[in-house]
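Hi,

Here is the structure I promised to send over. Have a look at it first, and my notes follow below.

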Amino acid sequence: MSDSEARLTAVLGPTNTGKTHLALERLIGHRSGMIGFPLRLLARENYDRLVKVKGVAQVALITGEEKIIPPGARYFVCTVESMPVDRPVAFLAVDEIQLAADPERGHIFTDRLLHARGLDETMVMGSESISKWIRALVPKAEFIQRPRFSTLTYIGPKKITRLPPRSAVVAFSAAEVYAIADLIRRQRGGTAIVMGALSPRTRNAQVEMYQAGEVDYLVATDAIGMGLNMDVNHVCFAALRKFDGRVARPLTIAEISQIAGRAGRHMSDGTFGTTAEVGPMEPEIVEAVENHRVQPLTHLMWRRADLDFRSIDHLLRSLETRPPHPGLIRQQEAEDHQSLHAMARDPEIATLAHGRDRVALLWEVCQVPDFRKLMTDAHVRLLAQLYRYLIKGPLPTDWVADQIARLDRVDGDIDQLTQRIAHVRTWSFIVNRGDWVVDPAHWQARSQAIEDRLSEALHLALTQRFVDRRRAALHRRLKSGAEVNAVVTAANEVVVEGHVVGDLVGFHFTPQGGVGADEARPLIAAARRVLAPALADRAAQLTEDPDERFRLNEAGDLLWRGAVVAQLKAGVGPLHPRIELRVDDLLDGGFRRMVQERLKAWLEASLRRRLRPLFALTAATLPAGARGLAYQVAEALGALPRRRVTQQVAELGKEERRLLRGIGLRLGRETIWLPALSGRNTRRLLMRLQAIHAQSAKPLPELAGDLPPLPEDVAPEVLLAAGYRAVNGHAISFEHLERLAERAHRLAAQGALKWDAALAAALEVPQELVRPLLGELDFVAEGKRAEENYKRRRRRPAPPAAPVDPNSPFSVLARLRETPQ
């Protein structure tokens, strides 16, 4: 039918201008009609819309994979490829006519523009970019310009985590879509997914979830640009380049406009931009998109419609016919054309395809789409097998059943389910060729049922992976400022809106296990409203609780009611550690000080009680010389090697020695210490205090007996706090070292000590320990090693002790005691 036989109207304009709505209104006004859409899901969506108006008996749906054709149907909703253009209808329309420039499918749209006509009216809808070609190819066409109902504004780059609600992020590969969706789930609770690979059922379920407000974000491929009308306020581009099947190239202004135009609905304005990683758009692109200026298409794709089926060679030559107009380019990359080339190289197929009917059948088989987008030998092998069977008659029922049964399983991940849906779509196309199978209605229903099950499984898999409904609900309530129902239970669980989001242990909130830092932020924001008062209540309880509710563990942690609330850190001295609170920032400064003061008071009281002899030493009224020695012993936590204070001890008078012995200080030959601190728990406390002061996080060594092995890398101060001295890889207790010193001096008084087994037996130590032990006891060797003798060396006074810190609490206390009363 020529264009002169019916009026053709081109309705052109940007997205969100009501072009499709106008066409449907015109179709309904005619006695019969047909409309072609670029996508199966759009055909299905508008079929459902027409059924509500005209009734199911009046409307047909025709796509490659689905056919619903009531006997008396007057209105046909189709994909552009599936339009039965030889069927006369009063009104005919084609949507997204600018796809006539598409490298893969363009020739179909060009053919519809040139040849498809309604008896009374024909309409094509699309972008302004095709207007010059419509004028050139259909000179009598009338044009209707549709202005956009709302404005579209560029707002620049934004971090994905800072996007406003009702945003759509557009990426150009499944991997990018999944990565962005994962990020949004962690930050905002979830997102819907829209990709061209989704079945209409899965896509609709995802869109319904978004439209219902279960999630506030949508991540999509450029499939969003084709007629998907949703409540999107902002479109964010995660890339400005795409792989078009051949090369990675920049997006055109028309493509950016098509996608960005999905922001805003009817009279509601929309915005667009990019992610922070992409950076800003070029100013000229922004200006063109905001003002809906698109670059004119440079050409349209074309392919001869009346093909020559006399032979494969004739068919191939007819597909390569030159276009009749200089603005048209011969289609070279169509999938069916590539499949024909591959099949023609198969000698068996080339032999079988003789005669017009068999060549025409071969071409029909080549038009079976590869929805998996493999274009590998696997798809060609399937086509070849189809052709071998079809030249003999319908496909064998057992073979069809086996092929379809393999797809009837809903296990696997998102990618596996997506591939299975794509494959079952190919089989839906095959069985919808009614003359190719026995009982086509059965197989159409069977393939549709499998696709439905797979679609439901894919929707569930997408939702489970990319939607956390709890987090999404929290995010919406926090954004809206609505009251959040949050409590801290008696079991220390923090419950927000009925969901356990973490635990409040002591004064520290811990998000639920397995939650990363990104995911924790919205949870903490939700919990903040209940944590602050709960922490204040706990601070008040802590200050009022008796001492029995507190405990210091061996690791240096301060516990209250069994929960760690602080940790001891190095202070001005081993006996005066600093308290570092383990509390959240939500605890008010005043309450924080209350907690600090209560813990400080308890710690001081606990140390005074557990280390009473040590504090008694510092509090005793002593002469200056004895007081100085007592101070040094106290600062060393109750033990010093005598050689460090030889001079001070030598200067002590009898009365001073008596006073020191009276308060429990033992002046041994080798060590000066407080024997009253020898209990295991007391020693462990002293060791921890010394380790804290040395800022050592190593576990405390376990020591028992008089002569245990010396632990590796133990600090001398920690060993002294444990009640031991180090000698040649052994730890010797203070008491045992004193006994050995007494025994050695008695033997020395009887003459020189000879290094032999008898001396080891007399000292009751291993022979290999005799030499280092005598060295520790200040004996020196004389003579050859085999006959060496030992004699007592006169102990030199130690260097003067370091000056006492005048600001030390002990010095202040001493000065107070010296002040006349």
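Which residue takes a positive phi in the hairpin of E30 and E31? It's asparagine 728, with phi near 50°, in a hairpin that has 2 residues between the strands. Before I go on, please keep in mind that this is a predicted model. The two strands of that hairpin, E30 (residues 724-727) and E31 (residues 730-733), are antiparallel and pair over 4 bridges. If you want one pair to click on, take alanine 726, whose bridge partner in E31 is alanine 731.

Next, strand E5, at the other kind of pairing. E5 covers residues 75-79, and 5 of its 5 residues are buried. In a regular strand, side chains alternate between the two faces of the sheet. Here Tyr75, Val77 and Thr79 point one way, while Phe76 and Cys78 point the other way, and all are buried. E5 pairs in the parallel sense with strand E2 (residues 33-37) over 5 bridges, and isoleucine 35 has valine 77 as its bridge partner in E5. Strand E3 (residues 59-62) also runs parallel to E5, joined to it by 4 bridges. There, isoleucine 62 is matched with cysteine 78 of E5 as its bridge partner.

Now two helices. H5 (residues 174-188) has 15 residues, which should span 21 Å at 1.5 Å a residue; the C-alpha atoms at its ends are 20 Å apart, and that agrees. Its buried residues include Val177, Tyr178, Ile180 and Ala181, and charged-looking names turn up too, among them Asp182, Arg185 and Arg188. Just after H5 comes glycine 189, with a positive phi of about 100°.

H24 (residues 680-693) has 14 residues and reaches 20 Å from first C-alpha to last, close to the 20 Å expected at 1.5 Å a residue. Of its 14 residues, 11 are buried, so H24 is largely enclosed by the rest of the structure. Among the buried ones are Leu685, Leu686, Met687 and Leu689, along with Arg683, Arg684 and Arg688. Glutamine 695 follows H24 and has a positive phi, near 55°.

On to the cores. The largest nonpolar core has 70 residues, and those with the most contacts inside it are Val494, Phe507, Leu558, Leu599, Leu611, Leu614 and Leu629. Helix H18 (residues 517-544) gives the most to this core, with 7 residues. Another core lies apart from it, with 66 residues, among them Cys236, Leu316, Val359 and Ile414. Back in the largest core, leucine 599 is a good one to display: leaving out residues up to four places away in sequence, it touches Leu542, Phe550, Leu558, Val565, Ala566, Ile579 and Leu581.

How many aromatic pairs does the structure hold? There are 7. One of them is tyrosine 154 with phenylalanine 272, a tilted pair at 5.4 Å centre to centre and 50° between the planes. This pair links distant parts of the chain: tyrosine 154 is in strand E9 (residues 152-158) and phenylalanine 272 in strand E16 (residues 270-275), 118 residues apart. Both tyrosine 154 and phenylalanine 272 are buried.

Phenylalanine 507 and tryptophan 560 make a stacked pair, because their ring centres are 5.7 Å apart and their planes are at 25°. Phenylalanine 507 lies in the loop between strands E21 (499-505) and E22 (508-511), and tryptophan 560 in strand E24 (residues 557-560), so the pair ties together parts that are 53 residues apart in sequence. Phenylalanine 507 and tryptophan 560 are buried as well. Elsewhere, Tyr389, Trp399 and Trp427 form one aromatic cluster.

Two arginines also sit over rings. Arginine 135 lies over the face of phenylalanine 143, 3.9 Å from the ring centre, and the charged end of arginine 166 is over the ring of tyrosine 210, 3.8 Å from its centre.

Last, histidine 292, in the loop between helix H8 (283-290) and strand E17 (300-302). Is histidine 292 buried or partly exposed? Histidine 292 has a relative accessible area of 28%, so it counts as partly exposed. Leaving out residues up to four places away in sequence, histidine 292 touches Pro14, Arg148 and Leu152. From histidine 292 to threonine 151 the C-alpha distance is 9.8 Å, though they are 141 residues apart in sequence.

Cheers

Key: Residues numbered from 1 in each chain as written. Predicted model: local features only at pLDDT ≥ 70, side-chain atom pairs only at ≥ 80, totals over all residues. Heavy atoms only, no water. Pairing = 2+ DSSP bridges. Expected span 1.5 Å × (residues − 1). Buried < 20%, exposed > 50% of the residue type's maximum accessible area, 1.4 Å probe, protein only. Contact = heavy atoms within 4.5 Å. Core = buried A, V, L, I, M, F, W, Y, C linked by side-chain atoms within 4.5 Å. Phe/Tyr/Trp six-rings, centres within 6.5 Å; stacked < 30°, edge-to-face > 60°. Lys NZ or Arg CZ within 6 Å of the ring centre and 35° of its normal.
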